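This report looks at how some of the helices pack together and at the pockets found among the atoms. Please keep the model in view while reading.

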Amino acid sequence: PCRLFYAEQEKLRTQHLIERNAIIEQATEMVTTFTASQDTEQSEKEKAISFKNLDGQLNKLQQAWNQTGEVDRKEYQRLQHKFKATLSPIKTAIKVFHETNSGKKQALIIEAKKQLEVDDIFQAIEKIKQLQQLWRDVGFAGSRQENKLWQDFRKVNDQVFAKREQIKNKQHDAQNELAAQFNQSLMDIKNKLGPEPDQTMLKQTQQEAEVLLSTVIAHKPVIKKIANDLDDFIKNIQEQLTTLA
């Protein structure tokens, strides 16, 4: 029984040896294909997709190697060295690719932070949107760096958009205050007329309303409700003047 057991183990090791050699052949083919692809011109987006696929193939190959059964210890050391040496160019290329992308994304983060100092917030927002598009075009920066870089970039984005919201809220409050002032001025003009105004009072009131309307229109953005109310009021005065005439 012992001889049968060890004979079976020897057969398994022989089979595992064949499987590991086959994996090394796949690794060699992968390196050959990758080397050939480097001679062709690729856009940043195409290069990112290419390296993503390459990284996936590398992980599958490494997983297959790890899951393959035992071989003779000396054979394993020789095969392990050969496997690593074969994949070394690809691993180096992926590492360089990740480091390059990491540098590009760090530069985008620095550029995004500059937008916090820009006075024109809407110009800053447009720049941030451009940076977001550039970020999407840059490839993967490696599992160690990618998430941290994205969190840093997103944090700056959120700060710029929050600054815009603060400015919009201030503008909204200022607009409401201005609308209240214009509305009060309109009410004051209306109160001057009295129940039965004469032609002179109507013309004077019309002039005051037209001056106020010009002031309202001069402020941008125009407060449409006040402008419409003034326009209706002026038309009403004109109708009263026509009736008196």
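In this predicted model, the axes of α5 and α7 come within 10 Å of each other and cross at roughly 15°. Because angles under 35 degrees count as roughly parallel, α5 and α7 are therefore described as roughly parallel to each other, and their crossing is left-handed. On the α5 side the residues that meet α7 are Ala179, Phe182, Asn183, Leu186, Ile189, Lys190 and Leu193, while α7 brings Ile226, Asp229, Leu230 and Phe233 to the contact. By class, this contact of α5 with α7 consists of eight nonpolar, one polar and two charged residues.

**Other helix pairs**

Helix α7 (224–244) also packs against α6 (199–218), and here the angle is about 160°, with the axes 10 Å apart. Since that angle is over 145 degrees, α6 is roughly antiparallel to α7. The crossing in which α6 passes α7 is left-handed. From α6 the contact draws on Gln199, Leu202, Lys203, Thr205, Gln206, Ala209, Glu210, Leu212, Leu213 and Val216, and from α7 on Ile226, Ala227, Leu230, Phe233, Ile234, Ile237, Gln238, Gln240, Leu241 and Leu244. Sorted by class, the residues of the contact of α6 with α7 are 13 nonpolar, five polar and two charged. Three residues of α7 deserve a second look in the viewer: Ile226, Leu230 and Phe233 appear in the contact with α6 and again in the contact with α5.

The loop between α6 and α7 contains Pro221, and the peptide bond that leads from Lys220 to Pro221 is cis, with omega near -5°.

Helix α5 (residues 146–193) has a further partner in α3 (residues 73–114), and the axes of these two helices come within 9 Å and cross at roughly 15°. That angle makes α3 roughly parallel to α5, and α3 passes α5 in a left-handed crossing. The contact is formed by Ser102, Lys105, Gln106, Leu108, Ile109, Ala112 and Lys113 of α3 together with Glu146, Leu149, Asp152, Phe153, Val156 and Val160 of α5. Its residues divide into seven nonpolar, two polar and four charged.

**Pockets**

Where is empty space left among the atoms? Rolling a probe the size of a water molecule over the atoms shows this. The two pockets considered here are set out below.

| Pocket | Volume | Lining residues | Classes in the lining |
|---|---|---|---|
| Largest pocket | about 320 Å³ | 14 residues | four nonpolar, five polar and five charged residues |
| Second largest pocket | about 250 Å³ | 15 residues | seven nonpolar, two polar and six charged residues |

Which residues of the lining are closest to the centre of the largest pocket? They are Lys95, His98, Gly142, Ser143 and Arg144. The elements that give two or more residues to this lining are α2 (44–67) and α3, and α3 gives the most, with six residues.

In the second largest pocket, the lining residues that lie nearest the centre are Ala48, Ile49, Lys52, Gly139 and Phe140. Helices α2 and α3 each supply at least two residues of the lining of the second largest pocket, but here α2 gives the most, with six residues.

Taken together, α3 can be followed from its contact with α5 to the lining of the largest pocket and to that of the second largest pocket, whereas α5 can be followed from α3 to its contact with α7, and α7 in turn to its contact with α6.

Terms used. Residues are numbered from 1 along each chain as its sequence is written. This is a predicted model: local features need pLDDT of at least 70, side-chain atom pairs count only at pLDDT 80 or more; totals for chains, interfaces and linings use all residues. Side-chain values use heavy atoms; hydrogens and water are left out. Axes are lines fitted to C-alpha atoms, for helices over the stretch in contact, and angles run from 0 to 180 degrees between N-to-C directions. Helices (H or I, at least four residues) and strands (E, at least two) are DSSP runs, numbered from the N terminus. Angles under 35 degrees count as roughly parallel, over 145 as roughly antiparallel, 65 to 115 as roughly perpendicular and the rest as oblique. A crossing is left-handed if the near helix is turned anticlockwise from the far one by less than a right angle, and right-handed if clockwise. Contact means heavy atoms within 4.5 Å. Ala, Val, Leu, Ile, Met, Phe, Trp, Tyr, Cys and Pro count as nonpolar, Asp, Glu, Lys and Arg as charged, and the others, Gly among them, as polar. On a 1 Å grid over the protein atoms alone, a cavity is a set of points where a 1.4 Å probe fits but cannot get out, and a pocket is an open set with protein on both sides within 12 Å along at least five of seven lines; lining residues have an atom within 4 Å of a point. Grid points are joined across faces, edges and corners, and a volume is the space filled by probe spheres set on the points.
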